[in-house]
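Subject: Structure for your review

Hello,

I am handing over the structure we discussed. Please look at it alongside the notes below.

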Amino acid sequence: MTSRRVLAALLAAAVASVGLAAGPVAAPPAEAAAGPASLVVAPDDGGVVQDGKDLGVTVAVTNTGTAELPSGRVSLAVDAAPAASTTSLLTSISTRPEALQGKLLRAQASVQPLAVGATSTVHLTEQGDDLAGILTALSGARTLYVQYAAGRSGSVARVFAQSVIVKMTGSKAAVGLAAVIPLVAPRNSTGVVDVATQTSLVASDGAWGIALRAARADPAAAVALDPEVLASIRLAGDAAPPAVSGFLDALRGLPNEFLRLPYADTDLTLARAAGAPSSLEPTSFADVAPERTATTGPTPAPSTPAATTSSAAALTAWTWSDRRIAWPVPGTTSRADLGAFGSSSVLLSSDDLVDTATRRASGPLARIGSTDVLVVDPTVSSLMSAAGGSGVDADAALAELTGLLATSAVNGETSALLAAVGRGTDAARLPEVLRRLGEQPWVRPTTLSGLRAASAATGVQARSGAVPRSEAATARTLVDGEHDVQELGRAIVAGAPTVTAPQRLALLASLSAAWRADPDGWRSAATAAAAGFQGVMDQVKLAKGSDPNFIGSDGKLRVYVSNDLAVPVRVEVHGSVSNGAVQFTQRSVQVIVPAQGSARGILPFRSIRNGRTDLTLSLTTPDGTAIGSRTNRGATVSAGFDTIVAVGLLSALAVLLAVGVYRNIKRRRQPRTATA
């Protein structure tokens with residue numbers, strides 16, 4: 001039922017497809033989804049009708065009501081004339097009729113009684129001769145209508161559904177079809193795919209294996225390649241099984257265009273909303289190996305240690321057709337984001353545009369301001385992904401996709417369409433879908449470079465999208481936490497990449513677009529990543545101690561710093577007091593703390609007077625980045641004896657001086673008397 005509802009939603013929302021629909025299409029009536037039964041209709045061979053050959057149609061009937069359905073029958077009808085436009089075709093598919101329309105076909109099939117929730121699948125065959133007498137000589141796609149009637153003459157239930165068949169009679173019309181096949185790392189928390197996962201991914205039914213086979217099936221398709229795939233396989237070295245180690249060789253032998261995605265397929269608009277730098281890439285792969293990312297049990301060191309010390313550039317090197325591609329998550333792109341993408345090739349869903357008929361007619365190349373974008377058709381993309389699945393639902397999606405392409409070609413609605421398969425697809429039949437489409441004479445496989453060269457970019461406006469505030473706030477916490485770790489890395493005396501590199505990879509993994517399909521999982525992963533960043537910072541800290549005493553006129557306050565990291569660090573200890581009872585003659589001191597050890601820092605002070613004061617100690621990197629929180633302690637000041645004596649003598653001298661001045665002034669004011 002889930003997949004059926006997805007297909008229904010795609011068709012109901014097809015009006016949003018800028019490349020295919022030009023006007024509003026009514027959604028199916030509510031009772032169609034909540035009625036006694038639902039139908040999925042899938043013509044054989046993608047709905048393509050061959051001259052003189054029979055037409056097979058599979059219909060899946062599901063009891064969605066609350067009572068058992070008696071036996072029934074399935075009947076077919078078809079429009080004699082092809083659809084005048086993709087808009088009218090989509091309207092006929094998504095709007096449920098009240099009775100069979102078009103020409104009634106002879107093919108019928110019986111359906112056994114259905115319990116609540118049960119599904120029965122039947123297959124009908126319409127003779128080629130009978131079909132030829134109904135279809136006109138005009139080329140194009142026709143709507144195929146299906147009726148399921150339960151009970152005598154449909155007295156218990158009568159449900160309708162539609163699909164598409166295509167009859168092309170010598171037409172030379174064609175429409176360009178370009179495809180983008182993503183080859184990306186699955187969502188993870190480390191930024192490197194472990195060997196066990198790689199092994200399953202490169203299998204023929206794994207996401208990477210499917211992408212490879214799809215690229216072979218359509219050499220014109222572009223492969224959107226995540227550099228994390230390259231780095232993970234190369235880091236595995238000799239520890240990788242032959243299927244994994246040979247995958248890059250097979251990939252390298254493809255003639256397809258390769259588009260460079262950001263590392264870990266970073267969600268670009270989310271990263272930008274979080275304040276991440278535009279050049280957010282791995283800094284190093286030091287102390288990183290795929291084996292260490294496995295979720296269960298200890299793992300050995302990699303068999304090729306040199307791989308872990310290779311530069312990030314070497315581990316992600318490839319022969320790219322485009323230096324970089326920006327493929328933002330639909331609905332999240334603002335106008336400012338487009339400018340920030342710079343010279344990247346931009347893939348943008350037509351749902352993110354205020355589209356025009358001129359743009360649709362000219363093809364996928366468009367311009368927003370000074371930025372050229374390639375416009376992805378969401379309806380074609382969704383149907384292509386669904387057609388790559390399995391079962392009747394996939395066959396139904398393929399027929400609808402084939403019909404839309406045929407209608408667009410016959411009516412000359414656009415020069416080309418661009419489909420981007422969903423990220424991380426596990427649609428095992430995707431290679432077959434691309435092969436089938438490429439074999440149709442009205443479909444012209446097209447490269448992205450061919451789209452750019454075909455016509456000039458048409459000016460359009462972008463809709464104002466945005467990343468949800470809650471997601472941006474969560475991502476900002478991650479970016480800020482990892483930034484602190486990088487600043488701590490500046491304080492590390494030697495071996496900083498072993499600390500900072502895994503944390504940068506963890507940030508990239510947390511910002512991956514792969515998480516968009518699992519928002520709850522992403523929030524949990526983000527919480528764990530933020531805790532990991534703070535955990536690194538907490539490994540360098542001020543040692544706990546009792547309240548200190550400042551004794552004597554001059555002295556030295558000893559402060560201890562502990563370091564749980566496996567590398568030495570250079571930090572700065574700062575001290576301040578709340579009043580004038582004591583003064584630090586040196587407010588801070590640098591300390592080099594050995595790996596997994598501790599060191600002492602000395603802050604010289606001068607006592608001014610006896611009493612109490614509040615002491616504040618803090619720890620920073622030499623560049624001033626705070627490490628941990630400040631420590632506040634109460635302190636007792638006991639000034640030395642010499643200080644007390646000096647203060648006493650000075651006080652007595654001041655009193656004597658004051659008395660002397662007073663007496664002198666008084667004597668001068670007394671009147672002089674004559675001497676007798």
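What follows covers the cores, one cavity and one aromatic pair. Please keep in mind that this is a predicted model.

Cores. The largest nonpolar core has 63 residues. Those with the most contacts inside it are F285, L511, F550, V571 and V573. Helix α20 (residues 519-537) supplies the largest share of this core, 7 residues. Another core, of 61 residues, lies apart from it and includes L177, I181, L383 and L398. As for V571, if neighbours within four places in sequence are left aside, its contacts are V540, V561, V589, Q590, V591, V593, L619, T620, P622 and I627.

Cavities. There are 4 cavities of 30 Å³ or more in the structure. The second largest holds about 40 Å³ of space. Its lining consists of D45, G46, V48, L398, T402, R436, L437 and Q440, of which 3 are nonpolar, 3 polar and 2 charged. Two elements, α15 (391-411) and α16 (430-439), each give two or more residues to this lining. L398, one of the lining residues, is also among the residues of the 61-residue core.

Aromatic pairs. The count comes to 3. In one of them, F258 and W318, the ring centres are 5.6 Å apart and the planes stand at 70°, so the pair is edge-to-face; the cut-off for that class is over 60 degrees. F258 sits in strand β10 (residues 257-260) and W318 in the loop between α11 (312-315) and β11 (325-326), so the pair links parts of the chain 60 residues apart. Both F258 and W318 are buried.

Regards

Notes: Residues numbered from 1 in each chain as written. Predicted model: local features only at pLDDT ≥ 70, side-chain atom pairs only at ≥ 80, totals over all residues. Heavy atoms only, no water. Core = buried A, V, L, I, M, F, W, Y, C linked by side-chain atoms within 4.5 Å. Buried < 20%, exposed > 50% of the residue type's maximum accessible area, 1.4 Å probe, protein only. Helix = DSSP H or I, 4+ residues; strand = E, 2+ residues; numbered from the N terminus. Contact = heavy atoms within 4.5 Å. 1 Å grid on protein atoms, 1.4 Å probe; cavity = no way out; pocket = protein on both sides within 12 Å on 5 of 7 lines; lining within 4 Å. Points joined across faces, edges and corners; volume = space filled by probe spheres on them. Nonpolar A, V, L, I, M, F, W, Y, C, P; charged D, E, K, R; others polar. Phe/Tyr/Trp six-rings, centres within 6.5 Å; stacked < 30°, edge-to-face > 60°.
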